[in-house]
Amino acid sequence: AADAAMYRAKDLGRNNYQFYTSELTEQAFAHLSMQTQIRQGIDRNEFIPYFQPQIDSRNGQIIGMEVLARWQDHAGKIISPAEFIHIAEKTGLIIQLDRQVMRKAIQSFLGWHLDSLVSGKLSLNLAVKQLEQDDFFDFVNELLQDLGCNPNWLEFEITESDIMSNLEEMSRKMGQLRLLGIKISIDDFGTGYSSLSYLKKFPVSKLKIDQSFIRDLPKDEDDAIITKTIISMADNLGLEVIAEGVETIEQQHFLQENGCHQIQGYLYSKPLDSQAMQTYLLNFQKTDHLTPEPKQA
Ligand code: C2E
Ligand code: MG
Ligand code: MG
Ligand code: MG
């Protein structure tokens with residue numbers, strides 16, 4: 001088995017990050033096998049979008065929803081991104097994986113738009129490898145034309161650390177998407193190196209405050225200060241701001257008092273598959289506004 005694995009490792013060529021020697025560890029085996037399984041999952045069309053609503057806490061309206069990838073394996077089991085995104089990013093499989101999820105997500109979203117169930121934006125996570133692809137712009141452009149989707153309905157989320165890893169190229173690529181009408185937000189904001197100067201230069205329109213700062217609000221004083229600072233910075237730079245990982249009404253109150261009205265988190269809903277999201281939207285249509293759901297024990 002070790003020989004076979006080493007042979008495969010060589011076979012995988014320059015994208016391969018495994019060891020070639022007899023030190024092929026258990027972890028490397030696991031990575032290799034996960035890599036093979038992800039490839040099969042892509043071929044079998046097993047990667048699907050889940051959706052999490054984003055709410056304006058002032059009026060309980062849905063302002064958008066984030067797409068979060070899930071892997072529904074051949075046995076029907078739902079696998080979370082923590083188990084595959086990292087390896088998919090390292091091996092470049094994220095490119096096909098995300099394109100598969102993106103197409104399905106936009107299709108569902110357009111259906112809801114046509115039925116007037118939703119009017120906000122669809123927000124998609126982008127890996128830096130995806131943006132680096134020479135054909136990415138054309139892919140997006142063609143996909144939107146093919147499906148009949150208005151670019152103004154889309155937003156891409158890029159993590160702060162991905163942006164910082166390749167400032168110039170990311171800025172150029174983001175500018176192209178911006179010209180097409182797609183908005184860009186910075187995901188996990190506050191966890192990378194935020195040089196304030198790049199925020200002014202970049203074609204971004206929204207900051208997503210990382211959930212690690214939200215978790216211990218309003219008690220944790222450091223997190224409270226960081227959160228307030230990000231909110232006022234966004235305000236001063238004319239950017240929108242949204243908090244992710246909001247689970248409690250106390251967190252929402254803190255954010256509201258400090259001027260952050262866009263909320264995403266379990267307080268309103270966990271990520272839902274497309275059928276459950278459809279039901280959620282239909283319920284929303286009946287009541288006309290959302291109320292927070294008390295955290296479940
Ligand atoms: P992210 O983009 O920062 O997404 C937020 C994560 O927080 C999601 O985890 C979401 O399910 C979770 N979350 C939402 N509300 C709450 C809450 O109230 N409390 C807590 N504790 N967690 C909450 P998920 O779905 O496991 O995704 C993890 C990460 O994987 C994402 O972080 C994103 O970086 C990446 N990812 C997910 N889907 C995709 C995708 O389609 N493409 C790419 N490239 N990356 C993705
Ligand atoms: Mg995100
Ligand atoms: Mg995030
Ligand atoms: Mg994240």
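I looked up D187 and E244 first, and both are buried. The model is a predicted one. For D187 the relative accessibility is 6%, under the 20% limit, so D187 counts as buried.

Next I looked at what these two residues hold. The magnesium ion (ligand 3) has as protein donors D187 (OD), D188 (OD) and E244, the last listed with two OE entries, at 2.0 to 2.7 Å. I noted the spacing of the donor residues in sequence as D-D-x55-E. The pair D187 and E244 links distant parts of the chain: D187 is in strand β6, E244 is in strand β8 (residues 240-244), and 57 residues separate them.

I then turned to the other magnesium ion, ligand 2. Its coordinating residues are E66 (OE), N125 (OD1), E157 (OE) and D187 (OD), at 2.0 to 2.2 Å. Along the chain these donors follow the spacing E-x58-N-x31-E-x29-D. Here too a pair joins distant parts of the chain, with E66 in strand β2 (residues 61-72) and D187 in strand β6 (residues 183-189), 121 residues apart. I checked E66 for burial: its relative accessibility is 4%, so E66 counts as buried.

Which residue coordinates both magnesium ions? I found that D187 does, and that ligand 2 and ligand 3 are 4.2 Å apart.

D187 came up again when I looked at ligand 1. An oxygen atom of ligand 1 is 2.9 Å from an N or O atom in the D187 side chain. For the side chain of Q211, I also noted an N or O atom 2.9 Å from an oxygen atom of ligand 1. A nitrogen atom of ligand 1 is 3.0 Å from a polar backbone atom of A69. Taken alone, ligand 1 exposes 790 Å², and the protein buries 81% of that.

I went on to the surroundings of ligand 1. The space that ligand 1 takes is the largest pocket. Two or more residues of the shell come from each of β2, α4 (94-114) and β6. Which element gives the largest share of that shell? I found β2, with four residues. There are 22 residues around ligand 1, and R70, D98, D187, E247 and Y266 come nearest.

Back in strand β8, I looked up I242, which lies in that strand. With 0% relative accessibility, I242 counts as buried. Between the C-alpha atoms of I242 and L255 I noted 9.4 Å, with the two residues 13 apart in sequence.

Last, I went through the backbone for exceptions. Most residues other than glycine have a negative phi, and most peptide bonds are trans.

The bond joining L217 and P218 is a cis peptide bond, with omega about -5 degrees. I placed P218 in the loop between α10 (211-214) and α11 (221-236).

N45 is not glycine, yet its phi is positive, near 65 degrees. N45 lies in the loop between α2 (26-43) and β1 (47-56). Is N45 buried, exposed or partly exposed? Its relative accessible area is 44%, so I entered N45 as partly exposed.

S116 also has a positive phi, near 55 degrees, in a residue other than glycine. I found S116 in the loop between α4 and β4 (121-125). At 57% relative accessibility, S116 is over the 50% limit and therefore counts as exposed.

Definitions and conventions:
Residues numbered from 1 in each chain as written. Chains lettered and ligands numbered in written order. Predicted model: local features only at pLDDT ≥ 70, side-chain atom pairs only at ≥ 80, totals over all residues. Heavy atoms only, no water. Donors = N, O, S within 2.8 Å, 3.2 Å for Na, K, Ca; no water. Buried < 20%, exposed > 50% of the residue type's maximum accessible area, 1.4 Å probe, protein only. Near = heavy atom within 4 Å. Polar contact = N/O pair within 3.5 Å; in protein donor to acceptor, adjacent residues only side chain to side chain. Areas by Shrake-Rupley, 256 points an atom, 1.4 Å probe, with all protein chains shown as cover. 1 Å grid on protein atoms, 1.4 Å probe; cavity = no way out; pocket = protein on both sides within 12 Å on 5 of 7 lines; lining within 4 Å. Sits in = over half its atoms within 2 Å of the grid points.
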